[in-house]
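Work through the exercises below with the model open in a viewer. Each task is followed by its solution in steps.

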Amino acid sequence: MAAIDFIDFPREPRQNTGMNQPPRILTFAGSLRKDSYNKKLARLAAEALRAAGAEVTLLDLADYPMPIFNQDDEDAHGLPETARRFKALLRGHDGFLIASPEYNSSFSGVLKNAIDWASRAESDDEAPLVAFAGKSAALVAASPGALGGLRGLVPLRMLLGNIGVFLLPDQIAIPDAANAFDASGAFTDARRSGQLDALARRLTAFTAGLASLK
Ligand SMILES: Cc1cc2nc3c(=O)[nH]c(=O)nc-3n(C[C@H](O)[C@H](O)[C@H](O)COP(=O)(O)O)c2cc1C
């Protein structure tokens, strides 16, 4: 019988931190929109993660405008500066929390494009998928629709798993997003805060555990 081939994703060694250091979690939304519901959700998630003991960076993808990936451009110029900076941020964190808008039952093209750029090696001796392999992630979504963007998390979970990310099974989808946040950006329904706090605690603990294995 043929042996089963396992994909052996390389893991980046953790630098400057050890088991007693807080896990570093990068939090961002897959939307560029100024008033994005998912940016609001990412901001609340960042607060919840900090309260759970993580060291958090909240990123706005609008600050990292990237051209649509074209391998000819990559061959000629390598990664654009914004993609390099985004990839470096991913590399500098142990885990991710992604708030993902749902577009036509999937996640946004902006998010896919950013992941595609960051998945590319910048030199021949760079290990594959260094920005992603062995990291943790949790997914959340917000949508004006009744399902809260839940359907888009399915392909996003698949994509990230295929590039070596360990995904928390827990996720949160916020329906009726137009009424889910007040003017200050807080949840209008206090039960949502409890759910997000619980997710943040789990991601923090899961990320710390994963990082300690490296
Ligand atoms: C091209 C496009 C497709 C969309 N498809 C869906 C969809 O399949 N399901 C859904 O719940 N909302 C869908 N929406 C509505 C988005 O959920 C809504 O625009 C939301 O505000 C986007 O997230 P953001 O507020 O974080 O930018 C779609 C919006 C666009 C622009």
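**Exercise 1. The sheet**

In what sense do β1 and β2 pair, and over how many bridges?

Before solving, note the conventions. This is a predicted model: local features need pLDDT of at least 70, side-chain atom pairs count only at pLDDT 80 or more, and totals for chains, interfaces and linings use all residues. Residue numbers start from 1 along each chain as its sequence is written.

Step 1. β1 and β2 pair in the parallel sense, over five bridges. Strands pair if DSSP finds at least two bridges between them. Helices (H or I, at least four residues) and strands (E, at least two) are DSSP runs, numbered from the N terminus.

Step 2. Find a bridge. Arg24 has Glu55 in β2 as its bridge partner.

Step 3. Extend to the whole sheet. It is open, has five strands in the order β2-β1-β3-β4-β5, and pairs in parallel. β2 (55–59) and β5 (166–174) are the edge strands, each pairing on one side only. From one strand to the next, the twist averages 15 degrees.

Step 4. Look at another pair. β3 (residues 95–99) and β4 (residues 136–142) are joined in the parallel sense by five bridges. There, Gly95 stands opposite Ser136 in β4.

Step 5. Add a helix. α1 (residues 37–51) packs on the sheet and touches β1 (24–29), β2, β3, β4 and β5. Contact requires C-beta atoms, placed from the backbone, within 7 Å. The direction of α1 makes about 165 degrees with that of β1. Axes are lines fitted to C-alpha atoms, for helices over the stretch in contact; angles run from 0 to 180 degrees between N-to-C directions.

Step 6. Check the cover. Five of the six residues of β1 are buried. Buried means 20 or more other C-beta atoms within 10 Å of the residue's own; exposed means 12 or fewer; partly exposed lies in between, with C-beta atoms placed from the backbone.

**Exercise 2. Two faces of a helix**

Which residues of helix α3 are buried?

Step 1. In α3 (residues 81–91), the buried residues are Ala83, Phe86 and Lys87.

Step 2. View α3 down its axis. These buried residues fall within an arc of 100 degrees, so they line one face. The arc is taken from the directions from the helix axis to the C-beta atoms.

Step 3. Turn to the face pointing away from the buried side. Glu81 and Ala88 are the exposed residues there.

Step 4. Identify the cover. It includes α4 (109–118).

**Exercise 3. A glycine in a helix**

Is Gly152 buried or exposed?

Step 1. Locate Gly152: helix α5 (residues 150–162).

Step 2. Count. Gly152 is buried because it has 25 C-beta neighbours inside 10 Å.

Step 3. List contacts, leaving out residues up to four places away in sequence. Gly152 touches Ser100, Glu102, Tyr103, Ser105, Ser106, Phe107 and Ala141.

**Exercise 4. Backbone outliers**

What is the sign of phi at Asn104?

Step 1. Recall the rule. Most residues other than glycine have a negative phi.

Step 2. Asn104 is not a glycine, yet its phi is positive, about 50 degrees. Asn104 sits in the loop between β3 and α4. Asn104 counts as exposed because it has 9 C-beta neighbours inside 10 Å.

Step 3. Repeat for Asp176. Its phi is also positive, about 50 degrees. Asp176 lies in the loop between β5 and α6 (190–212). With 15 other C-beta atoms within 10 Å, Asp176 is partly exposed.

Terms used
Two residues are in contact if their C-beta atoms, placed from the backbone, lie within 7 Å.
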